[in-house]
Every structure is written in C-alpha cells, then in structure tokens.
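Here are my notes on the structure you sent, set out as numbered points. Please keep the model open while reading, so that each residue can be found as it comes up.

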Amino acid sequence: MSRPIDPQLREELLRGIVDYILESGLADLSLRPLAAALHVSPRTLLYHFGSKEALVAAALEEANQRHIRLLEAWYERSAEHDARTLLLRAWQWLAAPRHDRLLRLVFELSGYALRDRKRYASSLRTASSGWIAPFARALEARGFSGERAAALATLLVGVMRGLLFDVLATGERARTERAFRSFLSAIELPQEAPPR
C-alpha cells in the first residue's frame, strides 16, 4: 500500500513550482530540472501531482490565488476611496513593475490552459472569477446594484487584462495608464466615497 500524500509537503512543492515558473517560464518546463531546483526527485513531483498536466493545473490555480490575494491587498488599502479613484489605484497597483512576473505567469498559464480547455476548465473559471469578484464587491459597496456591478466588473477586467498584456508586451506604462484613465472617463462612476 502506498503512503498517503503529505498535504503540507505538496503545498511547499507547489509554492516552489510557482516560484520556479516565475523565474523560468512555462514554455520549456521539464520535470527533471524542476525537481532538481526543488531538491526532490521527478518521481516525488509525479507522486504528489499525478502528471505534468496536473502539476501545471495546480500551478495555474496557485498563481490565480496569488493574484487574488494581490487584489484583496489592493482593496484593503483602498476601501475608503470613491469608485473612480479606487479603480485608478487598482490599475496603478497591478501595473506596477513589481507585479510583472506574476502577471506574466498568469497570462502564460492561462494561454497554456486555453489549449486544453477540458482539462483546465476549473482553473480558467477561477482565473476569470478571481479577477472579477473583488471589483464587483467594490462597486456594490459604492452603490451599484449587484447586476450592474458584475457587468461593470467584467468590462473593467477585460479592459485591464488587455492593457496589462500591452504593458508586459511593450513596457509602455504611461500610454496604457492614459488609456485606462480614458476608459474610466467613458463609464459612469459616482464621484463620492461609499458610506462608512
């Protein structure tokens, strides 16, 4: 009878896997160098994740969770602002150079997952809802109905993702921030902070 998987070790491995992919990218991911970097055997990785595909799915989920925690940290720092200021600060927070590696990984893993939607459907859903939910909550707290907040958050995330991809591709932060400011001007947002 095989020994049970150690959930704590699996979590440690997963954090190390995401850190490794942050440095090395996903395109040439191979279990042998990954295992060597984590000081374990390839067999240990397969034992804890089942397959390379399952390992990538777990890495995508962990990268999504890191991104969600990033958005939650942004919201905690910005809860007192009106909607326009809140969303502008969200853009500036996410587009800061210190977050480039995580965003690059989220985009890379999402692209990988889109090639096999059946296998990675759950991770792709998390990637979408994990971005939208914090913005929808923030907009509801500022007086938008649930339906309007969800629709606006979906639009907002689509615009942000496109512009963040542009930042990563071109490095043109000033131009993309001007574009985001133009977007904020084009949508109807209340100009006052939410009630406390």
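1. S110 is a good residue to begin with, and in this predicted model S110 counts as buried, because its relative accessible area is 14%, which falls under the 20% limit. S110 sits in helix α6, which runs over residues 100-114. When its neighbours within four places in sequence are set aside, the residues in contact with S110 are L60, L124 and A127.

2. H99 can be read in the same manner, although its place is in the loop between α5 and α6. With a relative accessibility of 9%, H99 is counted as buried. Apart from its neighbours within four places in sequence, H99 has contacts with L70, W93 and L94.

3. W93 appears again when we turn to A73, a residue of helix α4, which covers residues 52-78. Although A73 and W93 are 20 residues apart along the chain, their C-alpha atoms are separated by 9.8 Å. A73 itself is classed as partly exposed, at 32% relative accessibility.

4. A similar pair is formed by T154 and F135, which are 19 residues apart along the chain and whose C-alpha atoms are separated by 8.5 Å. T154 belongs to helix α8, and with a relative accessible area of 43% T154 is partly exposed.

5. Stepping back to the whole protein, what does its secondary structure come to? There are 9 helices and 0 strands, and reading along the sequence gives the pattern α-α-α-α-α-α-α-α-α. The C-alpha trace spans about 60 × 35 × 30 Å along its principal axes. The protein has 196 residues, of which 45% count as buried. Among the contacts with a separation of 6 or more, 72% are between residues 24 or more positions apart.

6. Helix α1, residues 7-24, allows a check of helix length: its 18 residues should span 26 Å at 1.5 Å a residue, and the end C-alpha atoms are 25 Å apart, which agrees. The buried residues of α1 are L13, L14, G16, I17, V18, I21 and L22, and what covers them includes α2, α3, α4 and α6. After α1 comes G25, which has a positive phi near 85°.

7. Two of the helices that help to cover the buried residues of α1, namely α2 and α3, also meet each other. The axes of α2 (residues 31-38) and α3 (residues 42-49) come within 8 Å and cross at roughly 95°. This angle makes α2 roughly perpendicular to α3, because angles of 65 to 115 degrees are put in that class. On the side of α2 the contact is made by L31, R32, L34, A35 and L38, while α3 contributes P42, L45 and L46. Sorted by class, this contact has 7 nonpolar, no polar and 1 charged residues.

8. Between these two helices there is a loop, and H39 lies in it. Is H39 buried or exposed? At 73% relative accessibility, H39 counts as exposed. Its phi deserves a look as well, since H39 is a residue other than glycine and yet has a positive value, near 60°.

9. Helix α9, residues 173-186, gives a second check of length, for its 14 residues reach 20 Å from the first C-alpha to the last, close to the 20 Å expected at 1.5 Å a residue. Which residues of α9 are buried? They are T176, F180, F183 and L184. These residues cover an arc of only 100° around the axis, which puts them on the same side of α9. In general, an α-helix has 3.6 residues a turn, so residues three or four places apart point the same way.

10. The two sides of α9 are best compared directly in the model. The buried residues of α9 pack against α5 (83-94) and α8 (146-170), whereas on the other side of α9 the residues R178, S185 and A186 are exposed. Helix α8 has already been met in these notes, as the helix in which T154 is found.

Key:
Residues are numbered from 1 along each chain as its sequence is written. This is a predicted model: local features need pLDDT of at least 70, side-chain atom pairs count only at pLDDT 80 or more; totals for chains, interfaces and linings use all residues. Side-chain values use heavy atoms; hydrogens and water are left out. Helices (H or I, at least four residues) and strands (E, at least two) are DSSP runs, numbered from the N terminus. The expected span of a helix is 1.5 Å times one less than its number of residues. Buried means under 20% relative accessible area, exposed over 50%, partly exposed in between (1.4 Å probe, protein chains only). The arc is that of the directions from the helix axis to the C-beta atoms. Contact means heavy atoms within 4.5 Å. Axes are lines fitted to C-alpha atoms, for helices over the stretch in contact, and angles run from 0 to 180 degrees between N-to-C directions. Angles under 35 degrees count as roughly parallel, over 145 as roughly antiparallel, 65 to 115 as roughly perpendicular and the rest as oblique. Ala, Val, Leu, Ile, Met, Phe, Trp, Tyr, Cys and Pro count as nonpolar, Asp, Glu, Lys and Arg as charged, and the others, Gly among them, as polar.
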